[in-house]
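Colleague: Please take me through one part of this model closely, the sheet and what lies against it. I would like a connected account rather than a list.

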Amino acid sequence: MIKAVNISRNFGGNGLRSTDISLEKGGFIGVSGASGCGKSTLLNIITGMLRPDSGTVIIDGEDIFKLSSAARTALRAGKIGYIMQGSVLLGELTVLENIILPARIAGRSPDRAKAEMLCRKLGIDNVINSYPSDISGGEYRRTMLARILFADTPILIADEPTSNLDEESASIVRSMIKEVHDKGVSIIAATHDSELLSLADRVIQLQPLR
Ligand SMILES: Nc1ncnc2c1ncn2[C@@H]1O[C@H](COP(=O)(O)OP(=O)(O)OP(=O)(O)O)[C@@H](O)[C@H]1O
């Protein structure tokens, strides 16, 4: 589904060393490595958010950096749910409205019952009508996961999905990731969480650029 060959990116001596990664349908790849070794850079490149200095990224047969920026964005929106580091909820929308927002933007009529079911599974149904400023950090992160899962993309890319979460929230997030993998979603997760890594079929260990 994703095949990246020889991708690298140098930020003045830091960044991502030349790396290959290949995600098969239904696969689950864990990406580990010390802080600063380029995990987020790798995920940003394979999702088409960041152009590499070298290498190619093929998603379902498309060489994504040969596409126009608009075509690349459309490809990502249709195929990849990306839990990015530092992504945020919109403060003026409730938890539920945030979860269904991408479907609205895509012009689809959102299935509220499905969103509510996801919230129940993630243990955030009690805050469904709350605003992001009024929920805990763990509820916030689980809402972002719900927003990604709601889109039902065939690929899930997650950057540190369990970091800075209390153990209960982290455990819920791991279970949901396992559940979507069991349903056939292909996953790449960058993480320091050994329990999450243990769910992966394969772990890639990145080495620092210097
Ligand atoms: N836009 C940027 N401009 C300059 N340097 C950058 C940029 N993005 C990343 N870097 C540098 O590249 C290196 C790799 O960063 P990256 O965020 O990919 O690491 P990481 O492995 O995800 O780290 P962590 O585990 O701490 O999240 C770091 O030294 C970082 O400071």
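**The sheet and its surroundings**

Modeller: Four strands form an open sheet in the order β2-β1-β4-β5, with antiparallel pairing. The edges are held by β2 and β5 (62-63), each with a single partner strand, so one side of each has no neighbour in the sheet. Helix α1 packs on this sheet and touches β1, β2 and β4, and its direction makes about 125° with that of β1. Bear in mind throughout that the model is predicted.

Take β1 next. Strand β1 (residues 2-11) pairs with β2 in the antiparallel sense over seven bridges. In that pairing, Phe11 stands opposite Asn14 of β2. The hairpin of β1 and β2 has two residues between the strands, and in it Gly12 takes a positive phi near 55°. β1 also pairs with strand β4 (residues 54-59), again in the antiparallel sense, here over five bridges. Two positions show the register between β1 and β4: Val5 has Thr56 as its bridge partner in β4, and Lys3 stands opposite Ile58 of β4.

The ligand brings several of these elements together. The residues around the ligand include Phe11 and Asn14, the pair that stands opposite each other in β1 and β2. Gly15 is also around the ligand, as are Gly33, Ser35, Gly36, Cys37 and Gly38. Lys39, Ser40 and Thr41 complete the set. Both β2 (14-23) and α1 (39-46) supply at least two residues of this shell. The most comes from α1, which gives three residues. Sorted by class, the shell around the ligand has two nonpolar, eight polar and one charged residues. Thus α1, the helix that packs on the sheet, also contributes to the surroundings of the ligand.

One helix pair can be added for context. Two packed helices are described by the angle between their axes and the distance between the axes. Helix α3 (residues 95-105) and helix α5 (residues 137-150) pack at an angle of about 30°, with their axes 8 Å apart. That angle makes α3 roughly parallel to α5. Their crossing is right-handed. On the α3 side of the contact are Val95, Asn98, Ile99, Ile100, Pro102 and Ala103, which meet Thr143, Ala146, Arg147 and Phe150 of α5. The residues of this contact of α3 with α5 divide into seven nonpolar, two polar and one charged.

Notes
Residues are numbered from 1 along each chain as its sequence is written. This is a predicted model: local features need pLDDT of at least 70, side-chain atom pairs count only at pLDDT 80 or more; totals for chains, interfaces and linings use all residues. A residue is near a molecule or strand if its C-beta atom, placed from the backbone, lies within 6 Å of it. Ala, Val, Leu, Ile, Met, Phe, Trp, Tyr, Cys and Pro count as nonpolar, Asp, Glu, Lys and Arg as charged, and the others, Gly among them, as polar. Axes are lines fitted to C-alpha atoms, for helices over the stretch in contact, and angles run from 0 to 180 degrees between N-to-C directions. Angles under 35 degrees count as roughly parallel, over 145 as roughly antiparallel, 65 to 115 as roughly perpendicular and the rest as oblique. A crossing is left-handed if the near helix is turned anticlockwise from the far one by less than a right angle, and right-handed if clockwise. Two residues are in contact if their C-beta atoms, placed from the backbone, lie within 7 Å. Two strands pair if DSSP finds at least two bridges between them.
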